[in-house]
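Here are some exercises to work through with the model open beside you. Try each one before you read the solution.

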Amino acid sequence: RAVTTTTMTTMATSMAPRGTAPSSKSQGRFGRRTHIATAPTRRAPTPTRVGAIKSDVPPQPFTVREGELGKVLSAAIPLVLRLGTGALIGGYEVRLDADDDGSEGKYAIARFAKRRVAERSTTLPTTRPAKPITLYEYEGSPYCKKVREACSVLDLDVLFKPCPQGSLAFRAESKALGATTYPFLLDENTGAKMSESDDIIEYLFNTYGGETKVPFLLRRGGLVTNSTAYAAALARMKGLSARQAKKIPEQPLELWTYEISPFSKLVREKLTELCIPHVVKYCPRGSEKRHELYAMVGHFQVPFLRDANTGKAMFESKDICEYIESEYGSS
């Protein structure tokens, strides 16, 4: 959930309750420290740099908020079932770089001895799409999940227009464009329009993947590709049906995340059910956008939400969900 420059963190695989202090550390699969609580002392917030944007809700690394543990655990099941697909950028590479003055404003998983652990892609093109890809989809669909994982691996920006069961506006809009099933892709960069998750995944990798190979769990016809996607969708059964929002924002909200984050899944469920359009800035491990967010707010952690309609910006999934419900939820 939280990734900072002062600790080696990445995904929400350790969930120490707030109000505990760590005493021993072990290295997780994706580089996050696992903490064992030994004393009921309150942890001070992790220091952050001063960025251009101030978050209305500061980050609270290593914490699961009171009453949220069950939600987070169920939202983390897809992480295991899908083998972390979407956590790493395509062609992921890690190396040691000199931590000179020019890298002070850059995110790094760790810094030591005047060196920083740098991450990057060795296979994606340096030129990215000029406009976000548009996807009509919904959070609870296993087929939509596969496409979102592909977008995360490819480090794309995506405008999501949620189309859960019972939604009106975006289903009508997509059908006018030719959608018969979901997910449905519209790419204004090339003029492409298509349904069918496998076709969309192949299109995205062929168009924006460079030398990146399609991951095992995203390959067409794989024996476990669809079965694990279905099992992941059944883990929570949320983000399937629409409910009435009191208003729809004039400008899409902006969400910084990577697909496999359980905390971000909770936010996406809320946005889907209320049919709130939002641009996802995918920033898996190795993404250059991690430097962007770090420079912007002085810290890296997902999810991070910005709402240009109200000027709000915040970390912390619970606070983000409460904000969305308060600002746009059912009246």
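Helices and strands here are DSSP runs, with at least four residues for a helix and at least two for a strand, and they are numbered from the N terminus. Keep in mind that this is a predicted model.

**Exercise 1. Find the loops that hold proline 183 and proline 303, and describe the peptide bond leading into each.**

Solution. Start with proline 183, which sits in the loop between α3 (169–176) and β9 (184–187). Now look at the bond that joins tyrosine 182 to proline 183: it's cis, with omega at about 10 degrees.

Next, go to proline 303, in the loop between β13 (300–301) and β14. The bond from valine 302 to proline 303 is cis too, and its omega is near 0 degrees.

**Exercise 2. Work out where aspartate 155 sits, whether it is buried or exposed, and what its side chain pairs with.**

Solution. First, place it: aspartate 155 belongs to the loop between α2 (142–153) and β8 (157–162). Then check the backbone, where phi of aspartate 155 is near 60 degrees, a positive value in a residue that isn't glycine.

Now the accessibility. Aspartate 155 has a relative accessible area of 11%, and buried means under 20%, so aspartate 155 counts as buried.

Finally, the partners. The side chain of aspartate 155 makes a polar contact of 2.6 Å with the side chain of serine 287. Residues it touches from further along the sequence include Ile89, Leu124, Arg128 and Tyr282.

For another positive phi in a non-glycine residue, try leucine 83, at about 55 degrees. Leucine 83 is in the loop between α1 (69–81) and β4 (92–98). With a relative accessible area of 48%, leucine 83 is partly exposed.

**Exercise 3. Say which parts of the chain the salt bridge between glutamate 139 and arginine 268 ties together.**

Solution. Begin with the pair itself: the side chains of glutamate 139 and arginine 268 meet at 2.8 Å, N to O. Glutamate 139 lies in the loop between β7 (133–137) and α2, while arginine 268 is in helix α6 (residues 262–273), so the bridge links parts that are 129 residues apart in sequence. Both residues are buried.

Then widen the view. Glu139 and Arg268 belong to a network of salt bridges whose members also include Arg82, Lys145 and Glu259. Across the whole structure, a search finds 33 salt bridges.

**Exercise 4. Do the same for lysine 281 with aspartate 157, and for arginine 243 with glutamate 325.**

Solution. Take lysine 281 and aspartate 157, whose closest N and O atoms are 3.2 Å apart. Lysine 281 is in strand β12 (residues 278–282) and aspartate 157 in strand β8, so the bridge ties together parts 124 residues apart in sequence. Lysine 281 is buried at 14% relative accessibility, whereas aspartate 157 is partly exposed at 23%.

Now arginine 243 and glutamate 325, with closest N and O atoms 2.4 Å apart. Arginine 243 lies in the loop between α5 (225–234) and β11 (253–257) and glutamate 325 in helix α8 (residues 317–328), so this pair connects parts 82 residues apart in sequence. Arginine 243 is partly exposed at 29% relative accessibility, and glutamate 325 is partly exposed at 24%.

**Exercise 5. Describe the surroundings of leucine 305.**

Solution. Locate leucine 305 in strand β14 (residues 304–307). At 2% relative accessibility, leucine 305 is buried. Its contacts beyond four places in sequence include Leu253, Leu255, Met314 and Ile320.

Terms used
Residues numbered from 1 in each chain as written. Predicted model: local features only at pLDDT ≥ 70, side-chain atom pairs only at ≥ 80, totals over all residues. Heavy atoms only, no water. Buried < 20%, exposed > 50% of the residue type's maximum accessible area, 1.4 Å probe, protein only. Polar contact = N/O pair within 3.5 Å; in protein donor to acceptor, adjacent residues only side chain to side chain. Contact = heavy atoms within 4.5 Å. Salt bridge = Lys/Arg side-chain N within 4 Å of Asp/Glu carboxyl O.
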